[in-house]
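Welcome! Here is a short tour of two spots in this structure, written for someone meeting it for the first time. Have a look at the model before reading on.

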Amino acid sequence: MKLKKCFIFLTVINFSVIFFSCKEPIRGYFEYWSSTCQVAGVEYISPCTVINGKPNVSAQGDSNNEVVIYLNLINPEQHDTLAKSSVVFFNLSRGTIISQKHINPDTIEIKAKLDDAYEGETITLSGCLWPDNRTGYDDVAALKKSNPELFYSTSFIQNTPPENIKNLSNQESSHKYYQNTQKHHVSFDIPDRSKNKNKDAQFEICCYSKEDGSFLGKQIVPMPQSGNSISYCFESIQAENLYYDFTVQVIGKHGLKSEIVSTNGALGVQILNEPGITFSLDYNGKKDSENYEYIEVDSANDKVTCTISAENGSTIEGDINGTTIASSTNKYEQQLGTGKYTINATIRRDGSRPVSVTKKVAVITALKDASVTFGSNGTQNGKTLSKGGYTYDAIEYTGTSLSMSVSNLNSDSQMQIKINNVNQNISNSYTLADGYNTIDVTISKDNCNSSVISKRVYVVKSLVKPVISLGANCTANNKKATKNSTEYNVYEYTDSYATVNYTNSNSDCNINVSINGTGKNKNGPYTLSDGFNIISVKFTKDGCNDKTDTKYVYVVKTPSAPRITFNNGSVTGTTTVGNEQADIVKYSLLSNEYLKISVTNTESENATMIVEIDNTSAEGNISNLELVDGAHTIIATVKRQYCNDVVTRKTIWIQFKTIKVTVGTCKLWSDTDDAGGKSELCGELSLKLNDNPWNELVTLTKESSFNEKAWTTFTHNTVWFLSNNRSDYIYYRSNGMYEDDPTDTDPIPDVYTYLSIDSIVAHVRNGLGNPYFNIVNSGTSGTDKLEHWIELVVTEQN
């Protein structure tokens, strides 16, 4: 069954606009209808047939199920009836409209893609014309109220003939089936039964004699429920030594049929159709005064494939711009570059009259879209905003403003630029305001479809990233703490707690602050807990990429420095020990034998202390440790996890306060045989410190007399010694002690003795009072005796 084009014309008269309340109604009527336009009828270019008064359109135009529909217009003033920008003029209740455009002022071509799922359904095409003299209307409702004649609706049934069979064979005797059954039969592959257009189809099989072509029989075979092929045998028509030809035609469930497929091309009458002259690209809808139709290619080097096709068994001849073409088959192809072409094609086949057609076509370079470039300080970030039903692409910029340039890439053409529907003078650069902007650029040229681009952009100043910083009492110590495989930077803080804040350099944005997943108000600073913290600050703004700063920090309090205490001493100055400056620490040797120190860890939690004194280490607090005099180095180190060590180092020089020893009370006692009861002595008593010269204490002369066997006491505090060394010694000597007369041949012998400063001080420190020398000198006779008792008064100097 041959499907033909359908033409349906509709005449619309809107009587509501005929009767004008003016003095010349007839003139008003004609003025109105001459200034408007309307759809007169619909023409289905795709295969169509009318069944029960309803157009049935086939969706088998190509692999995309594309259909082509022409709307024929009444357009007296040749308006551009699709003039409103960014408007979808016509819609289908089913399927998708691919394109809608003028092919001439009186015809609109609509291409649509249907789907096999819609087979048998009624599909409505509806919409409106929007001519160039009505673009002032902003919405469809206002347009319809003013000009209802611009609106149009029609419907059709999607009814596509079933697909044809494949691999038709009349199974000659060499076939295995014939060898097994000795019966001639026909076999073929069935179309895809899952498609709606093929579902429930039937197969009309006719049998003919191969010898004389006579018709022998017909059978209707239903679509099998399984399998992909059919083998059919006419059981009653089997004659020995005879062969048969067969025809098969698929009958769809809605009555449409596929083309007849035959095992013999001579079956039936052959009527030649006009040769088809098609091109790999569509016409652009333009036609010049010489009737050349135009096809646009992307570049001057592109080619258009011209295909001349005819029915099977036909040959093709003709010429293109006078150059002869010929093909012994039913198909001819040639590549056409840019230029004008007149194509004459004639098809021939034995037994049929030749058929010729002429086609005039011009291949031209399509207009390139204008190049719209935004300033290098702008970035299209992939975000979109909606306003008034339109989508706007967001562009962020840095600096003070966003610029835009527009370039026309075509020669001999005109360019029009509108920004927010305001015509712009052609310029090298334009400045876009923040917010919503619509840029329309139209490039036009004779016989070319205008290049129209419309860009909708939302211009917004980029956000500056937040900067998170910890408080002034916090210091990064370059250590890392790890939790769940994530590294945290360690910050130590002093005082009571750690704080964090952020810097916002933006004038207007939304602020989201969270610490450890808990939202905070936007006004910092914020207190951090000891341990692991995740601080996140995010700035957001319509049309902008979010800007976020996130810090992973481990917060820990810096340990307090360990405390070194001199329990019984104090620092009195400094000195140099080696290359180091040392504190001089003095203590009272009269009260303590040595200097006592304590080293204390002042941190009570999660902190340990190592104390090293003169290269000997110990862990923990040290209390009342005695250190000998001299140089010592004390290093106390407090450790806490993730913290830098806190070290207190002291080099000290220990010495006791200067000991002053003064000669105090002196006593002499004599035991002599002088009957007079008195003795007279002469000679001297002396003391010295270490190897220093002797210091005279007192010289006893003859006048120094005392009673026999009695103590003679006197004081002498003019001689004293200063010592800073406990190993110093005070030496005592009685020298030249004679009784009565220095010429006495029986003197009392000299006596030498000494006491160390350490023993002198220990005597006092132990509560035994002042120390003293107690010396007994005996004469040679064994009866003379002199005892010396010299008090040493011990004091300290700072």
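The side chain of Asp-115 comes within 2.8 Å of the backbone nitrogen of Ala-117. This is a predicted model, and Asp-115 sits there in the loop that links β7 (107-113) to β8 (122-128). Is Asp-115 buried, partly exposed or exposed? Its relative accessibility is 38%, and because partly exposed covers the range between under 20% (buried) and over 50% (exposed), Asp-115 counts as partly exposed.

Asp-115 also has partners from elsewhere in the chain: leaving out residues up to four places away in sequence, Asp-115 touches Asn-65 and Gln-158. Thr-96 is 19 residues away along the chain, and its C-alpha atom is 9.0 Å from that of Asp-115.

Now let us move on to a second spot, strand β46. This strand spans residues 580-587 and is mostly covered, with six of its eight residues buried. What does β46 pair with? The table shows two partner strands.

| Partner of β46 | Direction | Bridges | Residues standing opposite |
|---|---|---|---|
| β45 (residues 569-577) | antiparallel | eight bridges | Thr-576 and Gln-581 |
| β52 (residues 646-656) | parallel | five bridges | Ile-652 and Asp-583 |

Gln-581 and Asp-583 are the members of these pairs that belong to β46. The strands β45 and β46 form a hairpin with two residues between them. In that hairpin, Gly-578 adopts a positive phi near 65°.

How values were computed: Residues numbered from 1 in each chain as written. Predicted model: local features only at pLDDT ≥ 70, side-chain atom pairs only at ≥ 80, totals over all residues. Heavy atoms only, no water. Buried < 20%, exposed > 50% of the residue type's maximum accessible area, 1.4 Å probe, protein only. Helix = DSSP H or I, 4+ residues; strand = E, 2+ residues; numbered from the N terminus. Pairing = 2+ DSSP bridges. Contact = heavy atoms within 4.5 Å. Polar contact = N/O pair within 3.5 Å; in protein donor to acceptor, adjacent residues only side chain to side chain.
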